[in-house]
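Me: I'm new to this structure and would love a close look at one part of it. Could you take me through it slowly, in plain words?
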Amino acid sequence: MAGQKRLILASQSPRRKELLAMTGIPFETASVEIDETFDPARSVEENVIAISKQKAEAVALTLSHADANAVVLGSDTTVLLDGEALGKPGDFDHAFEMLSALQGRSHEVLTGFCILHDGNAVLDYARTTVEFGVMTSGEITRYIEVMKPFDKAGAYGIQDPLLACFVTRIDGCYYNVVGLPVSKIYAALKPLFPFEG
């Protein structure tokens, strides 16, 4: 067991679990509630990185001394429209307002991540541009009622049925929009978990 590291995902999101599993690296999950409010003095990029670091550090603090060698991955995703960050909607009306604003135009999705190991932090983020076609008011209402996207930044999940029918263009990493930029994270984790084949 000497030298073997544990990878811990600082999230209980089922989407992030599925994405991290794509790397083939075994991992566990843990999460600690933190304040995810953006600091207006920081850029959006700095905020998603800072929040991902806070998530990873909060989980790292709960680990025992025996787990000091663990690798902790934290991440945070936001939707950016006209320079304004759209967080998670508070209710149906808020979700409807967000989705209406995204119609027929492009927006950006940013995911920051932090990989903590042995006192070091790897910090980075990914940016993807997404363009939606136009949904009618009825289609937006149906999507919200069926998929209940209240735990998702920008009030949508790109992988959701109904919503996927209106995604007209993606520029950048698709998985970043779902919740983790898999290729960037795998590249950062690979030196810590070398494949022995």
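Where in the chain is the place of Ala-155?

Reply: Happy to help. Please keep in mind that this is a predicted model. Ala-155 has its place in the loop between α4 and β7, the strand made of residues 167-171.

Let's begin with the residue itself. The phi angle of Ala-155 is near 65 degrees, which is a positive value in a residue other than glycine. Is Ala-155 buried or exposed? Its relative accessibility is 0%, and buried means under 20%, so Ala-155 counts as buried.

Lys-152 is another residue of the loop between α4 and β7. With a relative accessible area of 9%, Lys-152 is also under the 20% limit and is therefore buried. Which residues does Lys-152 touch, once its neighbours within four places in sequence are left aside? The contacts are Arg-15, Gly-87, Lys-88, Pro-89, Gly-157, Gln-159 and Asp-160.

Now step back to the helix that leads into this loop. Helix α4 covers residues 137-147, and its axis comes within 10 Å of the axis of helix α3, residues 92-102. The two axes cross at roughly 130 degrees. An angle of that kind is neither in the 65 to 115 range for roughly perpendicular nor over 145 for roughly antiparallel, so α3 is oblique to α4. The crossing of these two helices is right-handed. On the α3 side, the contact is made by Phe-92, Ala-95, Phe-96, Leu-99 and Ser-100. On the α4 side, Ser-137, Ile-140, Thr-141, Tyr-143, Ile-144 and Glu-145 take part. Sorted by class, the contact has seven nonpolar, three polar and one charged residues.

Two of the α3 residues in that contact, Phe-92 and Phe-96, bring us to the aromatic rings. The model has three aromatic pairs. One of them is formed by Phe-92 and Phe-96, with 6.2 Å from centre to centre and 25 degrees between the planes. Planes under 30 degrees apart count as stacked, so this pair is a stacked one. Why are these two phenylalanines about one helical turn apart? They are four residues apart in helix α3, and that spacing separates them by about one turn. Phe-92 is partly exposed, at a relative accessible area of 30%. Phe-96 counts as partly exposed as well, at 22% relative accessibility.

For a pair with another geometry, look at Tyr-174 and Tyr-175. Their ring centres are 5.4 Å apart and their planes stand at 75 degrees; planes over 60 degrees apart make a pair edge-to-face, so that is how this one is classed. Tyr-174 has a relative accessible area of 31% and is partly exposed. Tyr-175 is partly exposed too, with 34%.

It is also worth setting Ala-155 beside another residue with a positive phi. Asp-82 has phi near 55 degrees, again a positive value in a residue other than glycine. Asp-82 lies in the loop between β3 (71-81) and β4 (84-86). Its relative accessible area is 63%, over the 50% needed to count as exposed, so Asp-82 is exposed, whereas Ala-155 is buried.

Other loops make good landmarks as you turn the model. Ser-31 is found in the loop between β2 and α2, and it is partly exposed, with a relative accessible area of 39%. Leaving aside neighbours within four places in sequence, Ser-31 is in contact with Ala-10, Ser-11, Gln-12 and Val-59. Ser-31 and Gln-12 are 19 residues apart in sequence, and their C-alpha atoms are 6.4 Å apart in space. Ile-34 lies in the loop between β2 (28-29) and α2 (44-61). Beyond its neighbours within four places in sequence, Ile-34 contacts Ile-51, Gln-54, Lys-55 and Ala-58. The C-alpha atoms of Ile-34 and Glu-46, 12 residues apart along the chain, are separated by 17 Å.

Finally, His-65 lies in the loop between α2 and β3. At 76% relative accessibility, His-65 counts as exposed. His-65 and Glu-45 are 20 residues apart in sequence and 32 Å apart from C-alpha to C-alpha.

Notes:
Residues are numbered from 1 along each chain as its sequence is written. This is a predicted model: local features need pLDDT of at least 70, side-chain atom pairs count only at pLDDT 80 or more; totals for chains, interfaces and linings use all residues. Side-chain values use heavy atoms; hydrogens and water are left out. Axes are lines fitted to C-alpha atoms, for helices over the stretch in contact, and angles run from 0 to 180 degrees between N-to-C directions. Angles under 35 degrees count as roughly parallel, over 145 as roughly antiparallel, 65 to 115 as roughly perpendicular and the rest as oblique. A crossing is left-handed if the near helix is turned anticlockwise from the far one by less than a right angle, and right-handed if clockwise. Contact means heavy atoms within 4.5 Å. Ala, Val, Leu, Ile, Met, Phe, Trp, Tyr, Cys and Pro count as nonpolar, Asp, Glu, Lys and Arg as charged, and the others, Gly among them, as polar. Rings of Phe, Tyr and Trp (its six-membered ring) pair if their centres lie within 6.5 Å; planes under 30 degrees apart count as stacked, over 60 as edge-to-face and the rest as tilted. Buried means under 20% relative accessible area, exposed over 50%, partly exposed in between (1.4 Å probe, protein chains only).
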